[in-house]
Amino acid sequence: MNLWLILSVNSVTLGGLLFLLSAGFSLIFGLMRIPNLTHGSMFMLGAYFGVSCIAWGFGFWTAALLAGVGVALFGAVIERFLLRRLVGAELAQVLVTLGLSFMVADVCLMQWGGDPISVETPSALRGSTAVFRLAFPTYRLAIIVIATAIAAALWVLLDRTRLGAMIRAAVDDPAMARVVGIRVSHLFTIVFALGAGLAGFAGVIGGPILSVYPGLDQDMLPLALVVVILGGTGSLLGSLVGSFVVGFLYNFGQAVFPELAYVVLFLPMLIVLVVRPQGLFGRVAL
Amino acid sequence: MKRLALAVALLLLATLPYWVGNSYYINVATQMLIYAVLALGLNVLVGYAGLVTLGHAALFGVAAYAGATLINAGHGHIVVAIGALLATLVVTAMFAVLALRGTGLGFVMITVALGQIVWGIAYRWISLTNGDNGISITVRPRPFGLPLDSADAFFWATLVVFLIAVAAMAIFVASPFGAAVRGTRDQPRRMTALGYNVWLTRFLAFLFSGFWSGVAGLLYLYYNQFVSPQTVALSASAEALLMVIAGGTATLLGPIAGAVLVIIMKDVASAYIERWNFVLGAIFVVIVIFMPEGLVPGSVRLWRWAVGLARHQARPVADERA
């Protein structure tokens, strides 16, 4: 298989993982106006939880679900007991999430050590699958399928359910949403937990590709930031498009300009900021 | 009274190497002064302009990297200083143009992203920055022929730069420009109505802030004779921000007190526990939740509250006896 095709598959895979990470980030920012700087930590924490669950004898997918639920609970606790105290003081909330991200990183280092931990690909998905007479790594295809399914589920949740309508109402006009009887603070907890859980789940299923190591949080957070600045906040479609753009830039940038991969990654973000500060699909400026 | 206190403080600072003696503590004091210059510069943006940035370590680092590269290319100290500060100003201008596209939270997010780009360059562009290994310089420069190799001499040189920075801040705060910057923080629309160019005012404040961060970065390079990607990491930006917030924003002495506090905590923490990052994060959370106005005013308020509570509890007992 030629190099460009491999790169493309890897890009789409990374895009799928980034979507799982940034959809939550974007929703949290859109609803609560918090750039949640613990989001990278949620990804890493999920990955480490998954590693431990697998070590305790759970299967890969059970471990991924358990880690997602665990991180979602952790997120709910943070929202309910720390961020809730600071309602209205958005800046203070950002700083608290920053402080928490350092604490989580250090606790992970203490608990799981400084060496990278590799996660085994589930045995059913090892090897490759032929699509159009080309062989693709099965696991990467599986990630793409999962990300697509979750994207569809999120779209149904936001666009077709009562909860989704309430969330959309609260994003557009929180004060008015409260007046018509929506408990916006409950939505905050739900959305924050959902976003955290998705990030944690992504951490586990990204494990076989990225492995788990200290600093994974700091690697993923800027990617989520770029996706959201690029795609626009509070927009699911923006996260989806932004994720795949960043996935491609990251992989191709590293292959073509290895020393400048980071610059290549951030350039489109800078252009979008200058030309269209609200992002490609966002409705309001940052 | 105030002048007397200032004179005593200056005298104590200037004679510090004589009454401290131990070169380890003199070096700690030097570090405090270097970080105080950085915190003073950052305070222009965070405190006076009301623009919270999490990418300031990048500006500090650019000066250090540019300085190291120029020194290793064999340039003299004047070329190094001017070149490093110019490089910092250019990068600061780029940061400002991009970050000022957003205000409030957007500004924070963009500065995080920009800071990470600089970190990525420092870490990955190995032919320029030597990657994870960083760049070392073999000698401290000798400005105007003065040797700076001993701890005492370097302390005095840093003290001079620090005092110039404090004076510059005092002039800035009292100047019409300083008032305009505070105006853009509190009432940007009214400032526009009054005919001020809010964007330009913020841009210039950013440059002023970046300049002093660059000065601090250069001092950092001379002091450590080494610079690595760790210098420009997000945690370094967070540390600088903690200094400003801990001491109290938009005050002249706050950032200095904050820098002293953070360096002491870091020094003490690293002597007894390995978990500086955990402590840093915890301090952040505690300060933001319990003392949003800063450590010094916050402690005073908590102390008064505690004393008030104690009196309140003592009184009913006294009433029963009466």
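This report walks through the aromatic pairs, one charge over a ring, and the empty spaces in a predicted model.

## Aromatic pairs

Let's start with the rings. A pair of aromatic rings is described by the distance of the centres and the angle of the planes. Counted over all chains, there are 17 aromatic pairs. One of them joins B:F60 and B:Y220, whose centres sit 5.1 Å from each other with 55° between the planes, making the pair tilted. That pair ties together distant parts of chain B: B:F60 belongs to helix α4 (residues 56–72), B:Y220 belongs to helix α11 (residues 198–224), and 160 residues separate the two. B:F60 is buried, at a relative accessible area of 2%, and B:Y220 is buried too, at 15%.

Now for B:F172 and B:F177. Their ring centres are 5.7 Å apart and the planes meet at 70°, so this pair is edge-to-face. B:F172 is buried, with 4% relative accessibility, while B:F177 has 28% and is partly exposed, because only values under 20% count as buried. Both rings belong to an aromatic cluster, together with B:Y48 and B:F208.

## A charge over a ring

Over in chain A, have a look at A:R80. This arginine lies over the face of its neighbour in the sequence, A:F81, at 5.8 Å from the ring centre.

## The largest pocket

Rolling a probe the size of a water molecule over the atoms shows where empty space is left. In this model the largest pocket holds about 1100 Å³ of space. Its lining is made of 44 residues, and those nearest the pocket centre are B:P229, B:Q230, B:A233, B:S235 and B:N277.

Helix α12 of chain B (residues 234–247) supplies the largest share of that lining, with six residues. Sorted by class, the pocket lining has 25 nonpolar residues, 10 polar ones and nine charged ones.

## The cavity

If you set the bar at 30 Å³ or more, the structure holds one cavity. The largest cavity has a volume of about 50 Å³. Its lining takes in A:L37, A:G40, A:S41, A:L98, A:S101, A:D217, A:Q218 and A:L221, plus B:L234 from the other chain named here.

Three helices of chain A each give two or more residues to the cavity lining: α2 (39–55), α4 (90–112) and α9 (216–231). Of these, α9 of chain A gives the most, with three residues. By class, the cavity lining has four nonpolar residues, four polar ones and one charged one.

Notes. Residues numbered from 1 in each chain as written. Chains lettered and ligands numbered in written order. Predicted model: local features only at pLDDT ≥ 70, side-chain atom pairs only at ≥ 80, totals over all residues. Heavy atoms only, no water. Phe/Tyr/Trp six-rings, centres within 6.5 Å; stacked < 30°, edge-to-face > 60°. Helix = DSSP H or I, 4+ residues; strand = E, 2+ residues; numbered from the N terminus. Buried < 20%, exposed > 50% of the residue type's maximum accessible area, 1.4 Å probe, protein only. Lys NZ or Arg CZ within 6 Å of the ring centre and 35° of its normal. 1 Å grid on protein atoms, 1.4 Å probe; cavity = no way out; pocket = protein on both sides within 12 Å on 5 of 7 lines; lining within 4 Å. Points joined across faces, edges and corners; volume = space filled by probe spheres on them. Nonpolar A, V, L, I, M, F, W, Y, C, P; charged D, E, K, R; others polar.
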